Amino acid sequence: MQIMYSAEIAAIRQATSFTKPVVALESTIITHGMPYPQNLQVAHEVEDVVRQSGAVPATIAVLDGVLHVGLDPDQLTYLAKAQNVAKVSRADMTFVMAQGRTGATTVAATMIAAHAAGIEVFATGGIGGVHRGAELTFDISADLRELALTPVTVVAAGAKAILDIPKTMEVLETYGVPVIAFGQDVMPAFWSATSDISAPLRSDSAAEITSGLRARQALGLTGGQLIANPVPKADEISAEEIGPMIELALHEATSQGITAKAVTPFLLSRIFELTAGKSLATNIALVKNNAKLAAKIAKSCHDLPKI
């Protein structure tokens, strides 16, 4: 598979590693998260957070059929302005490439690309998971299985709060994915810093997370790990405030027959309206917070190479 690297990434890339710590970043937040030019501004800001925290950002996307790891400024602008961009995951990523199309990478696709490029750490907003009503629809994100398959550490503010978080946690446990809450004993819930769900594991340092990763690799265990990083309290929307809005948006999606990949964009857009834009501001804050922690973990991984 052909991978194109940005000038910034190519300059630090060796045969099997990098001379500096690298953090992968997804691209669906650019193409499906907000309009231009805000999406471009936020993309630059998140990359800057990674740089300021001592690592090199590698935003990942498919541009005209070619997988890019790291986007140059012109490519980032092109993606931010592009229309009808495919939202690619494991199932359709390579077909979109074969068609010569442009695609934004989901969590699953970004993990695949990051691993192919030799990047160990990836920062995102929230992972996909088990959708509410999945016992009838079987609507479960490919992100969960990817975490069981692909050895990348994913830093996120938990699963998106529009999902069935308890069922998501059960699937992750079944798949043997380590789920580690950072700095607290309960799981974050995306827009909310805390929830009533106990965290399976807790860590308070990037070094400890890296040590656990290296031990996992030494045992030959497959798959990645999820670092659940709570949104800063100053930026959160409490579960009590946003809960009824989520329920209303879910009801509307069901009544309008919205399914499959269209569900999450619809819900996020509707909740943006219901919160008068606060949900997006919180989303941006938590992505930056995750990028900062991911950079710390990437630095720790760089300092403690694989055995």
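Okay, let's start at Lys160, which sits in the loop between β8 (153-156) and α9 (165-174). Helices here are DSSP runs of H or I with at least four residues, strands are E runs of at least two, and both are numbered from the N terminus.

Quick caveat: this is a predicted model, so local features need pLDDT of at least 70 and side-chain atom pairs count only at pLDDT 80 or more, while totals for chains, interfaces and linings use all residues. Residues are numbered from 1 along each chain as its sequence is written, and side-chain values use heavy atoms, with hydrogens and water left out.

Back to Lys160. What is the nearest side chain of opposite charge? That's Asp143, 5.4 Å away, and Lys160 is buried yet has no salt bridge. Buried means under 20% relative accessible area, exposed is over 50%, and partly exposed is in between, with a 1.4 Å probe and protein chains only. For charge, Lys and Arg are positive, Asp and Glu negative, and His and the chain ends aren't counted. A salt bridge needs a side-chain nitrogen of Lys or Arg within 4 Å of a carboxyl oxygen of Asp or Glu. Leaving aside neighbours within four places in sequence, Lys160 touches Gly126, Ile127, Gly128, Ile165, Phe190 and Thr264, contact being heavy atoms within 4.5 Å.

So much for the lysine without a partner; now the pairs. By that rule the count is 14 salt bridges. One of them joins Arg51 and Glu8 at 2.9 Å, N to O. This one links distant parts of the chain, with Arg51 in helix α3 and Glu8 in helix α1 (residues 7-10), 43 residues apart. Both ends are partly exposed: Arg51 has a relative accessible area of 34%, and Glu8 has 30%.

Then there's Arg214 with Glu120, at 2.8 Å, N to O. Arg214 is in helix α10 (residues 206-218) and Glu120 is in the loop between α6 (107-117) and β7 (121-123), 94 residues apart. Here both are buried, Arg214 at 6% relative accessibility and Glu120 at 18%.

Lys167 also forms a salt bridge, with Asp164, the closest N and O atoms being 3.1 Å apart. Lys167 is partly exposed at 37%, whereas Asp164 is buried at 14%. And there's a network too: salt bridges that share partners join Glu8, Glu47, Asp48 and Arg51.

That's where I'll stop; questions welcome.
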